[in-house]
Amino acid sequence: MRFDFFRRSAAEEAPAVDASKGPGVSRNADGYVAYTLLLDPQKRVAGYKLAWRAAAGPGEAPDAISQFKALVACVTEHLNPADTPWRLGRSELFFEVNAEALALGALQSLPPEYTVLCLELADLANEELRPILHFLHEQGFSFMLCRAQALPEDPELLGLVTHFDVGAGDPLLVAAARGKEQPDHMPIQPIATRMASWKDFEACAARRVDVFAEASCGLPPPAASAGSRALQPESMLIMRLLQMIQRNEDLREIEAALKRDAALTYRLLRHMNSPAVGAGVEIHSLHHAVTMLGYSPLFRWLSLLLATSNPTGSPPFMMKKAIMRGRFVELMGEIMLPRGESDNLFVVGMFSLIDQLLGIPMQEVLNKVQLSDSVQQAILTRGGVYGPFLSLAEACELDTGDAARLAEALLLSADQVNAAHLSALAWSQDVTPVEAA
């Protein structure tokens, strides 16, 4: 394999543009982005593993390289556009690659310092690929060795590995990873990618090793029986405020209720002044917030605060997931629904995970916060006008293969869904439990 592919021009690797879709929209292979959260032992989000699921028709065999190029083009367009800072902050993206994908000049459109390329030992040890791997390594790309029983003994190969897939947190693999360093004494990061259950996750974390775990959305959440957790006082106050807003109670009474918790007032105002809200003017009081934004946006942001109000009871990654889902369905709804409906969709997305966030049954939450019938229908049955948007978001999270069918039913193109998906991922970086604290 020749080492001259990096000399290709950007124009040669750039995807064609379909003018019928408007400026700036790339004509990628038709497909949908799927994501997986990568966690640390505290269940905090440390990165995202992205994949491309082609919307292939009957009898069509998707080409793996075309899919990978489409994924990279989509990520570049929405997360790393020209003359714009990387939109995911310090979060890393993980990509499965093979020998052919490594030889693509398209990789040069990704930020090396935030990109981890996942490959198997056969590709790592391939002497023909060695110059390419060294070139990418020198540029700042990281490599995760996947599905291997041990780290390589060869110092040259070991020097390329920055992350090591330790499966389900196998203690022998973890110990092997922690007992080795790269030749330049940089530590190798163990990554647990195949947790079968939360029991395995907790056991792995209890060993106090620095292990990431892949948060498969198909993994059942920790079991919580009805009444197993009591609502925190702050959560109860937020629920009361939500009820007062829904009843359009006098603003002075809402302010009086909020003033009973100075910390909550501070958190709310900090949220309202965060970059993600983008009000354009500093907001100093609840009265000012309602005057500027109205009751509906205030309800939306109190919903977000409710999701982050129980940090000791719910894993941080669940908060991130709820925030992403709320924004994802909201952005898709902005395309298809009348103006003003998107706030309801944000609440639908957030509240679809509220039982897992608060540790209480969904019906108990809905009894305390009387949401509209259309919102409840979407949350409980995925029905009504909002339900299909929530189902589509879940299909992208779960990677069920249903995204194309659900998007078509909503008259949404793959480009529109992917733009909303990656925009929500970027937006969630600014709205986090840490910022809310």
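In this predicted model, the buried residues of helix 19 are Gly387, Phe389, Leu390, Ser391, Leu392, Ala393, Glu394, Ala395, Cys396 and Glu397. That puts ten of the helix's twelve residues out of reach, so helix 19 is largely enclosed by the rest of the structure. Its length holds no surprises either. With twelve residues, 387-398, at 1.5 Å a residue, helix 19 should span 16 Å, and its end C-alpha atoms are indeed 16 Å apart.

Right after helix 19 comes aspartate 399, with a positive phi near 55°. This aspartate sits in the loop that links helix 19 to helix 20 (403-409). Aspartate 399 has a relative accessible area of 31%, so it is partly exposed. Setting aside residues up to four places away in sequence, aspartate 399 touches Ala34, Arg53 and Glu394. Glu394 takes us back to helix 19, where it is one of the buried residues. Arg53 is a long way off along the chain: 346 residues separate arginine 53 from aspartate 399 in sequence, yet their C-alpha atoms are 7.9 Å apart in space.

Pairings like that fit into a wider pattern. Take the contacts in the protein between residues at least 6 apart in sequence: 65% of them join residues at least 24 apart. The protein as a whole has 437 residues, of which 54% count as buried, and its secondary structure comes to 22 helices and eight strands.

Helix 19 also turns up among the contacts of serine 352. This serine is in the loop between helix 15 (342-351) and helix 16 (354-358). Its relative accessibility is 8%, under the 20% cut-off, so serine 352 counts as buried. What does serine 352 touch, not counting residues up to four places away in sequence? The list is Arg325, Met362, Ile379, Arg382 and Leu390. Leu390 is one of the buried residues of helix 19. With arginine 325 there is something extra, as the two side chains make a polar contact at 2.9 Å.

Next to serine 352 in the story is helix 15 itself. Nine of its ten residues are buried, so helix 15 is largely enclosed by the rest of the structure. The buried ones are Ser342, Asp343, Leu345, Phe346, Val347, Val348, Gly349, Met350 and Phe351. How do helix 13 and helix 15 lie, roughly parallel or roughly antiparallel? The axes of helix 13 (residues 295-307) and helix 15 come within 9 Å and cross at roughly 15°. The two helices are therefore roughly parallel to each other, and helix 13 passes helix 15 in a left-handed crossing. On the helix 13 side, the contact is made by Ser296, Pro297, Phe299, Arg300, Ser303, Leu304, Leu306 and Ala307; helix 15 brings Asp343, Phe346, Val347, Met350 and Phe351.

Two of those residues, Arg300 and Phe346, come up again with arginine 327. Arginine 327 has its place in helix 14 (residues 316-336), and with a relative accessible area of 17% it is buried. Leaving aside neighbours within four places in sequence, arginine 327 is in contact with Arg300, Glu334, Phe346, Ala424 and Trp427.

A second helix pair runs the other way. The axes of helix 9 (residues 233-246) and helix 10 (residues 251-258) come within 10 Å and cross at roughly 175°. That makes helix 9 roughly antiparallel to helix 10. Where they meet, helix 9 supplies Leu237, Arg240, Leu241, Met244 and Ile245, while helix 10 supplies Glu253, Ile254, Ala257 and Leu258. The loop between helix 9 and helix 10 holds asparagine 248. Its phi is near 55°, a positive value in a residue other than glycine. Most residues other than glycine have a negative phi. At 56% relative accessibility, asparagine 248 counts as exposed.

Helix 2 (residues 64-79) rounds off the set. Its 16 residues reach 22 Å from first C-alpha to last, close to the 22 Å expected at 1.5 Å a residue. Twelve of the 16 are buried, so helix 2 is largely enclosed by the rest of the structure. Those buried residues are Ile65, Gln67, Phe68, Ala70, Leu71, Val72, Ala73, Cys74, Val75, Thr76, His78 and Leu79. Past this helix, aspartate 83 lies in the loop between helix 2 and strand 3 (92-96). Aspartate 83 has a positive phi of about 60° although it is not a glycine, and its relative accessibility of 85% makes it count as exposed.

Terms used. Residues are numbered from 1 along each chain as its sequence is written. This is a predicted model: local features need pLDDT of at least 70, side-chain atom pairs count only at pLDDT 80 or more; totals for chains, interfaces and linings use all residues. Side-chain values use heavy atoms; hydrogens and water are left out. Helices (H or I, at least four residues) and strands (E, at least two) are DSSP runs, numbered from the N terminus. The expected span of a helix is 1.5 Å times one less than its number of residues. Buried means under 20% relative accessible area, exposed over 50%, partly exposed in between (1.4 Å probe, protein chains only). A polar contact is a pair of N or O atoms within 3.5 Å; within protein, one must be able to donate a hydrogen and the other to accept it, and residues adjacent in sequence count only if both atoms are side-chain atoms. Contact means heavy atoms within 4.5 Å. Axes are lines fitted to C-alpha atoms, for helices over the stretch in contact, and angles run from 0 to 180 degrees between N-to-C directions. Angles under 35 degrees count as roughly parallel, over 145 as roughly antiparallel, 65 to 115 as roughly perpendicular and the rest as oblique. A crossing is left-handed if the near helix is turned anticlockwise from the far one by less than a right angle, and right-handed if clockwise.
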